[in-house]
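Welcome! Please take a moment to open the model and turn it around before reading on.

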Amino acid sequence: MDRMGRFRDARQGTTFRSQVFRGALVGVGLCGVIGSLAGTTAGGGRVMPRGPIRVVATPLNFSNLSQMLKDPSPATRLEAIKYVEVLNRPGREVIPALVRLFEDPDLVVRVHAVRVAVRVGVPIQQGVPVAKQLLVPNNTEVCCLAAQILGDVGPAAQDALPQLCACLTTSSVWVQLHAARAVLRIDASNREALDVLRRGSENERGDSHEFAATALNEIVGALAKNLRNDNPEVRLAAASRLEQIGNTATIAGPALLERFTDSDLRVRVQAARAAFRAGMPAHQIVDVMTSLLEPQYHDVLRPAIVLLGEIGPDAGSALSKLHGCLKDPSLAVRLYAAEAALRIYPHDRLALAELQAALSHHQVDVRYFAVNSLGASVTDSDLAVYILQNATSDPHPKVAAAAALQLSRAHDLIRDDQFHSPVIEVDNREPASGEIDAWISDLSAESSETRRLASIRLGIAGKEARRAVPKLIEHLHDPDILARMCIAEALWEIDSSSYPVAPVLIEILALNRADSRMGAANVLGRIGRDAAGAVPALTRLLKDSRSFDRLLLAVTILRIDPANDSALSLLTHGLQSSSADVRYLSTVALGIVPLSRKLVVEESLCAAIQDSNARVRDAAYETLSQLQVRNALSRAAEARLAP
């Protein structure tokens, strides 16, 4: 007897109770549930129907349903799985039958069997591996449902993250979106998945846009709820994840604002960071962070200082408190406070003095931090330039290369002094005639240090010190190599003539001395194409140098020969280094390369924007901004020269 015949016989013997039960199932739209299976994937992704699915009456006993689960037809097995889901029978009855389908040859049957089995109570460790295997990007329906299963499981599906992350780059928008939602349900801090949903909410249309926006709001809403948890560790984790989500976390604004008075100061700082990333008005955040700049709050003092520095000029009201932090017994606190003050006001002499003093510290990392902090004001402050030029002669290549790279950021950029503070002396001013005469006189001093510092001052004075040119040429072959390098640089800054300068710098470069190599390379890069004779020496040094030296040497070669692909490749590959310092300096260096390579640089910096290190991420944004400014200045110059 065929299957439909058996069902007809069974129906003739049913009781009134069975008839009522069957009618209730039809009343809640069981047939509609089954019919919808062929038309959509989970979340709305459209797929093609798999062929006609016959709708039979509700089975009267589980043995009939078990037989359907073994039917040769995939459509019948799929129909039976849907019955199991709707009838809600005890797990001990249905799980064994569903588990047998975990190896079903039909992937759609298999994924629905896993989905229903997980819902009725199959152990996670049994269902997750099967769902993970079903993340097949070229099968949209199956992959989306598998991702949904894993996302519903949540953190317990951690082992599936590599496969889910691989789905984020597939060609199917729906697979990307479902995988991204699943990844974030497992690990809400995954930046790649967040970016997929952000792009979907911003660029997609229709159902996919709605799905992405809903998924983001779901993640943010859950984290906002966790901000009100009694456990401070839960609140702290939620605020940290909201910071990583960034401006998409706007709807969590009220919950973050509540945390500004949290009893746990760590939560307070982290909530402020998340609020800043979400676009909350700076003055609200500045007030909260400024209140934490007190010695008794030492555990959160540093992160509060760093956030104020990230806010920048809008945190001007915090300057006086930051000056107080410059007296803290902790060197780390003083350095971070100095960097933050310079990001708020580039001419802050107290901060500049603190960083200048740090460059005499015996620890390399302290000096390295100081030169990178000075980069915040190098485009605005002559004093910062003076300090960095001195630092290019540091005996450690890491410090010298960083100083030269930070110094190079000032070139081709307009200095802007629009921010004024009544409590800080401005150091940018035209030198008096008497000062220039004194520096010219110092070029003949007995002390090589005096000659070197005088030449640095004259170089910073620029064209105002034109009358120093004859004396500089006279001393261009100073017996002290450092003084000779600084005199050559000053001559270039004042006269912009490479004829007498480039040969001297190439000679210094060939000596390969640690205290002069980086400074000479930096000036040769400034000279550009007219220093082509230096490329062979630079290339030889590049082959033998360490990672930090290599970055500056590669930039120098590119500034002389913009078409040099190997030098550019060295910098872009530096963004993938396991060393955060190399990634950071590579990011800074890419902002200096010729504008003819701008498109390649911008594409490479996309990875740096997602870097796990906050300093690298900030440098990437600054570098992109620097490229835009340089490009605008270049176009303006071309327009002025046009007939």
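What follows is a short walk from the whole chain down to two helix pairs and one residue.

Keep in mind from the start that this is a predicted model. Looking at the overall build, you will find 36 helices in the protein chain and zero strands. The chain has 643 residues, and 54% of them count as buried. On the outside, about 28,100 Å² is exposed, with carbon and sulfur atoms supplying 51% of that area. How do contacts relate to distance along the sequence? Taking contacts between residues at least 6 apart in sequence, 63% join residues at least 24 apart.

Now let us visit a pair of helices. Find helix α17, residues 282-291, and helix α18, residues 298-311. Their axes come within 9 Å and cross at roughly 155°. Because angles over 145 degrees count as roughly antiparallel, α17 is roughly antiparallel to α18. The crossing of α17 past α18 is left-handed. Which residues meet here? From α17 come A282, I285, V286, M289 and T290, and they meet A304, L307, L308 and I311 of α18. Sorted by class, this contact of α17 with α18 has eight nonpolar residues, one polar residue and no charged ones.

A second pair lies further along the sequence: helix α20, residues 331-344, and helix α22, residues 364-374. The axes of α20 and α22 come within 9 Å and cross at roughly 15°. Since angles under 35 degrees count as roughly parallel, α20 and α22 are roughly parallel to each other. Here α20 passes α22 in a right-handed crossing. On the α20 side, the contact is made by L331, L335, Y336, E339 and L342. On the α22 side, V366, F369, S373 and L374 take part. The contact of α20 with α22 divides into seven nonpolar residues, one polar and one charged.

For the last stop, zoom in on a single residue, K598, which sits in helix α35, residues 598-609. Is K598 buried or exposed? Its relative accessibility is 16%, so K598 counts as buried, given that the cut-off for buried is under 20%. What does K598 touch, once its neighbours within four places in sequence are left aside? The answer is L627 and N631, both in contact with K598.

To retrace the tour in the viewer, begin with the 36 helices, then compare the roughly antiparallel α17 and α18 with the roughly parallel α20 and α22, and finish at the buried K598.

Conventions
Residues are numbered from 1 along each chain as its sequence is written. This is a predicted model: local features need pLDDT of at least 70, side-chain atom pairs count only at pLDDT 80 or more; totals for chains, interfaces and linings use all residues. Side-chain values use heavy atoms; hydrogens and water are left out. Axes are lines fitted to C-alpha atoms, for helices over the stretch in contact, and angles run from 0 to 180 degrees between N-to-C directions. Helices (H or I, at least four residues) and strands (E, at least two) are DSSP runs, numbered from the N terminus. Angles under 35 degrees count as roughly parallel, over 145 as roughly antiparallel, 65 to 115 as roughly perpendicular and the rest as oblique. A crossing is left-handed if the near helix is turned anticlockwise from the far one by less than a right angle, and right-handed if clockwise. Contact means heavy atoms within 4.5 Å. Ala, Val, Leu, Ile, Met, Phe, Trp, Tyr, Cys and Pro count as nonpolar, Asp, Glu, Lys and Arg as charged, and the others, Gly among them, as polar. Buried means under 20% relative accessible area, exposed over 50%, partly exposed in between (1.4 Å probe, protein chains only). Accessible areas come from the Shrake-Rupley method with a 1.4 Å probe; for residues, only the protein chains shown count as cover.
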